[in-house]
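Here's a quick briefing on a two-chain model. Have a look at the sequence and structure first, then read on.

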Amino acid sequence: MKYLKAYGPLIILVLLIDTVSEMISTQVFKIGKIEISILPLVFAVIIAILVYLIPAKPIKKLYNDKRVKFAGKYMILIMLPLMARYGANVAPKINEIISVGWVFLVHELGNLGTIIFGLPVALLLGLREEAIGSTLGLGREGELAYISEKYTLNSPEGRGVLGIYLIGTIFGSIIFSILAPLLLGMGFNYKAVAMSAGVGSSSMMTAASSSLAALVPKHSDTILSFAAASQLLTSFIGTYIMYFLAVPLQRFMYTHITSLLDKKKEVYPDHD
Amino acid sequence: MTKENNLYELFKDAVILLLSVSLVLFVQWVKLIRNPKSTPITTDTLIGLGMLWLFSLLGIVISMLMKKVPWKIIQGFPILGWVSIVSLIFCLLSSYCVRVINAVDFLSLTTSVLAFAGISVTHRLKELTKISWKILIVAIFVFFGMYFMDTLISQIALNLS
């Protein structure tokens, strides 16, 4: 009974959000020649946030500390059946995945894209230590742990990684569900876009791969299985890519770009 | 004591997983109302949901056990990954598993997860205003750069193979 009173309204809220999102259903937009599909899952995030922003007392009560914390703490558990569902997507495609296994391994190098694209921009904008935290990766758990261990989260580097973490947590699924169709529209093969979906969190992967599958329904099985397989691989080796490739690359680019910008060599901040 | 605590935690997890699969069923039902041509709810769907529940629970148990293994790579492997692996193994061994799980509509699994995600971030929205606009711009390049480069490398490698 105690639990029902505490969490019942939360579950009713989720049911309402689900219903409205499903009634809106998948919407396909066209930007120029590029098709972008927005799925109910994206509407669910947006509605959950919009309802919270309604300035009314009952809403503040509905989104009380206890319930919001519950949603955060148990989101992983709520997600587990989805992760189990991926097993049935990957299994029938396992031979196809193994036959291009080396592609899955090599494409993990794409994780360095955060540094190659993000670091020059950050340095040009005048960021220095913050640039290190904010461009090491997508600010997921691995980077967060590394930066907080090396620099603490109260440092400028920590602020950088927390910023990216926060943006990814709030907008990640929306960003990924736009990026995947965008890259498909740019002319990339759906397989390449699908296997690249597994680079961030599992909800980002789900958002990217399902909006891609909605656009290429004929190959939706391949898309979902490729995305899930690459997510699994990233969970295994993502941290090692960061340690052994991302950090040295970042150090190299940081010292060279800052010496061009500041006319003097800046030292890549190591912990003291 | 810890053993009892673990069992209690596991029971709590099992209840929340039950909530999760019930939400999936609800969403699949709403989907059917909206579009009668979407995946129907059959006996297979119900068995499939039960199976997803079971695999999730097994994944939790394995993740608990693996925390005791001395290798860091295994210890740090996320629970989400274990569940996928458990399910993958069962699905490789039996095509029955694949059949019943496929009777569960894929997208129906995603909506509630993201609803929870949306609710869980609401109290952190204020922190967004503290992030400098520079980091916001960097974020755009970081997200795009990651996905773009990953896709580019995959495309080149796929063309080579």
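What percentage of the 161 residues in chain B is buried? Buried residues account for 43% of them, where buried takes 20 or more other C-beta atoms within 10 Å of a residue's own, with C-beta atoms placed from the backbone. Keep in mind that this is a predicted model, with local features needing pLDDT of at least 70, side-chain atom pairs counting only at pLDDT 80 or more, and totals for chains, interfaces and linings using all residues. Residues are numbered from 1 along each chain as its sequence is written, and chains are lettered from A in the order in which they are written.

**Chain B on its own**
- Chain B has eight helices and zero strands, with helices being DSSP runs of H or I, at least four residues, and strands E runs of at least two.
- Its radius of gyration, taken over C-alpha atoms, is 20 Å, while a compact globule of 161 residues would come out near 15 Å by the rule of 2.2 Å times the number of residues to the power 0.38.
- An automatic or database assignment splits chain B into domain 1 (2–125) and domain 2 (131–161).
- The C-alpha centres of those two domains sit 30 Å apart.

**Where B meets A**
- Chain B puts 78 residues into the contact and chain A 89, counting residues whose C-beta atoms, placed from the backbone, lie within 7 Å.
- On the chain B side, α8(B) gives the largest share, 21 residues.

Note on methods: Contact = placed C-beta atoms within 7 Å. Buried ≥ 20, exposed ≤ 12 C-beta atoms within 10 Å, placed from the backbone.
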